[in-house]
Amino acid sequence: MSTQFLSKLSQNYIELLGDNEYYDVTIEVGEDPNVKILRAHINILCYRSPYLRRILASSKKNKDNVLAHIKLPNISPEVFQIILK
């Protein structure tokens, strides 16, 4: 039972990465011409990464309640997507 639950929970977290409606932070990764904007969830990022927690703590929300655009140019989009997963 718990193995099925954990498997489903892991799958739900992966599905959150594709959520285009309920995200609350956008992250721009890479440098021209290889730039990608990714959507994510601040609570998950903060609990999974002390580095991202520090960056996000200093960000301000805009009028749409989406965090200000965060730029991480020193990491490729492909690598950052692996990190998110």
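In what order do the elements of the protein chain run from the N terminus on? The order is α-β-β-α-α-β-α. This is a predicted model. The count comes to 4 helices and 3 strands.

**Overall figures**

The protein chain has 85 residues, and buried residues make up 29% of them. About 6,500 Å² of the chain is exposed. Carbon and sulfur atoms supply 53% of that area. Contacts in the chain with a separation of 6 or more were also counted, and 49% of them link residues 24 or more positions apart.

**The strands**

Strand β1 covers residues 25–31. Strand β2 covers residues 34–40. The two run antiparallel and are joined by 7 bridges. They form a hairpin, with 2 residues between the strands. Two of the partnerships can be named. Thr 26 has Arg 39 as its bridge partner in β2. Val 29 has Lys 36 as its bridge partner in β2.

Strand β1 also pairs with β3, this time in the parallel sense. That pairing has 3 bridges. Val 29 appears here too, with Leu 72 as its bridge partner in β3. Val 29 therefore has a named partner in β2 and a named partner in β3, while β1 is largely enclosed by the rest of the structure because 6 of its 7 residues are buried.

**The hairpin turn**

Which peptide bond is cis at Pro 33? The bond that joins Asp 32 and Pro 33 is cis, with omega at about 5°. Most peptide bonds are trans. Pro 33 sits in the loop between β1 and β2.

**A buried charge**

Glu 28 belongs to strand β1. The residue is buried, yet has no salt bridge. Where is the nearest side chain of opposite charge to Glu 28? That side chain is Lys 71, 4.4 Å away. A salt bridge needs a side-chain nitrogen of Lys or Arg within 4 Å of a carboxyl oxygen, so the pair does not qualify. Leaving out residues up to four places away in sequence, Glu 28 touches Val 35, Lys 36, Ile 37, His 69, Ile 70, Lys 71 and Leu 72.

**Lys 36**

Lys 36 lies in strand β2. The residue is partly exposed, with a relative accessible area of 35%. Its contacts, again without residues up to four places away in sequence, are Ile 27, Glu 28, Val 29, Pro 77 and Gln 81.

**Two loop residues**

Is Ser 49 buried or exposed? Ser 49 counts as buried because its relative accessible area is 17%, under the 20% cut-off. The residue lies in the loop between α2 (42–48) and α3 (50–57). Asn 74 lies in the loop between β3 (70–72) and α4 (77–84). Asn 74 counts as exposed because its relative accessibility is 77%, over the 50% cut-off.

**Pairs distant in sequence**

The table lists C-alpha to C-alpha distances for three pairs.

| Pair | Separation in sequence | C-alpha distance |
|---|---|---|
| Asn 74 and Glu 31 | 43 residues | 7.4 Å |
| Lys 36 and Phe 80 | 44 residues | 9.8 Å |
| Ser 49 and Leu 84 | 35 residues | 9.9 Å |

**A nonpolar surface patch**

Which residues form the nonpolar patch on the surface? They are Phe 5, Leu 6, Leu 9, Tyr 13 and Ile 44. Together they have about 460 Å² of accessible area. Helix α1, residues 2–16, gives the most to the patch, with 4 residues. Leu 6 is one residue placed in helix α1.

How values were computed:
Residues are numbered from 1 along each chain as its sequence is written. This is a predicted model: local features need pLDDT of at least 70, side-chain atom pairs count only at pLDDT 80 or more; totals for chains, interfaces and linings use all residues. Side-chain values use heavy atoms; hydrogens and water are left out. Patches are made of residues with over 30% relative accessible area and no salt bridge: like charges are joined within 9 Å, nonpolar side chains (Val, Leu, Ile, Met, Phe, Trp, Tyr) within 5 Å. Accessible areas come from the Shrake-Rupley method with a 1.4 Å probe; for residues, only the protein chains shown count as cover. Buried means under 20% relative accessible area, exposed over 50%, partly exposed in between (1.4 Å probe, protein chains only). Lys and Arg count as positive and Asp and Glu as negative; His and the chain ends are not counted. Contact means heavy atoms within 4.5 Å. Two strands pair if DSSP finds at least two bridges between them.
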